[in-house]
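Here's a quick look at the cysteines and at how two of the domains meet. Have the structure open as you read.

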Amino acid sequence: MTLSDLLITDTDALKAFCDRQKGVPFVTVDTEFLREKTFWPQVCLIQIGGPKEAVCIDPLAEGLDMTPLYGLMRDRSVLKVFHAARQDLEIFHNLMGEIPAPLFDTQVAAMVCGFGDSVGYETLVNKLAKAHIDKSMRFTDWARRPLSDQQVRYALSDVTHLRVVYEKLARRLESTSRAEWLQEEMAFLTDTANYRVDPLEAWRRIKTRTKTPRFLGIVKALAEWREVEAQTRDIPRQRMLRDETLLEIAAHAPTTADQLERTRGFSKGQAEGRMGAAILDAVARGKLMPMEDLPDPPDRKEIPPGVGPICDLLKVLLKMRCEEHDVAQKLVASSEDLEAIAMDDDADVMAMKGWRREIFGDDAIALKHGRLALCLSKDGKRVEAVEIED
């Protein structure tokens, strides 16, 4: 097939392709994007593969109306298959205001099927599709036009191999009765709340050692201003104002341009200009923020004496159970989950819910209370869990 057959640049061709996908059981999806210089991801290419054909869609093509693609992404009769979908879903949420559904993430499915933590696409292609990924275009400039035949064919391989990966993982999930395990994870991924960027919550991503409420109030006001401004101007947060500069401004709480200019890395022109005025206004709002609106300092988690060894035992149990059930440890419980369980039988963590509780959580509680013991097997080659009778 020629480049013109594989690369869609006009609305009629896009509509025709999307019409041909009506009634198919699934489509595989991937994107190429840039975000080094922008706040929002700049989508440069979208790859879609139906069971019988695959194309690249050029969102940068002049006059291209993406409405037919959005209709396909909204069609609930067609499963959308991604690998490591989070960033791709963020892109579609920005483009169409919702998340493509229903969804199948092959990275998560592979973790459910025992391929390890956060398994890479290349690994799955090698193991399941028995193919190799051409790495020559990995660092190509996807924003530059025209796209070459080599670039397009490379991009298409991301969705053509994904067909085989999906089909084999789906069969494994069916044979092991773990499809419901995956659905719990997909429910989280398709929750639009995960992709909303709320300026009022922007302060939470800034790491600081100072926890006084008034200081955090100024940080909150500055972070909100930066978030709104960065989104409006479509530039990265750190290019707008670096975290360390923001924290230094919050610490000194300047009230004049002269005081603001003394901030490390801040020029006189910035301090006296529109940006400086906006920053001083944010600092003032932080200083005057009502007590009830000030951020609550994050709780300092004090781990009681004796909890550390319990966590170590729980880690051994987790590794055992995950090996037995052939599922990735990262998917079952995090280190924070184990700490929470060690301190509280009723910890509100994912490891104590649903299928995770069945394969690990209940045993974790039994281990804590002496109803389960860990010991070496008689041959000394493995650790075993032994129930303790009352």
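## Cysteines

Cys375 is partly exposed at 32% relative accessibility, while Cys113 is buried at 8% (buried is under 20% relative accessible area, exposed over 50%, partly exposed in between, with a 1.4 Å probe and protein chains only). This is a predicted model, where local features need pLDDT of at least 70 and side-chain atom pairs count only at pLDDT 80 or more, though totals for chains, interfaces and linings use all residues. Residues are numbered from 1 along each chain as its sequence is written, and side-chain values use heavy atoms, with hydrogens and water left out.

How many disulfides are there? The count is 0, taking a disulfide as a pair of cysteine sulfur atoms within 2.5 Å. For Cys113, the closest cysteine sulfur is in Cys322, and at 14 Å that's too far for a bond. Cys375 is in no disulfide either: its nearest cysteine sulfur, also that of Cys322, sits 19 Å away.

## Where domains 1 and 3 meet

The domain assignment (automatic or from a database) splits the protein chain into domain 1 (3–195), domain 2 (199–288) and domain 3 (307–387). Between the C-alpha centres of domain 1 and domain 3 there are 35 Å.

Domain 1 and domain 3 bury about 1,000 Å² between them, 54% of it from carbon and sulfur atoms (buried area is the accessible area, 1.4 Å probe, that two parts lose on being put together, summed over both). There are 2 salt bridges between domain 1 and domain 3, a salt bridge being a side-chain nitrogen of Lys or Arg within 4 Å of a carboxyl oxygen of Asp or Glu. Glu185 and Arg356 pair up in a salt bridge at 2.2 Å, N to O.
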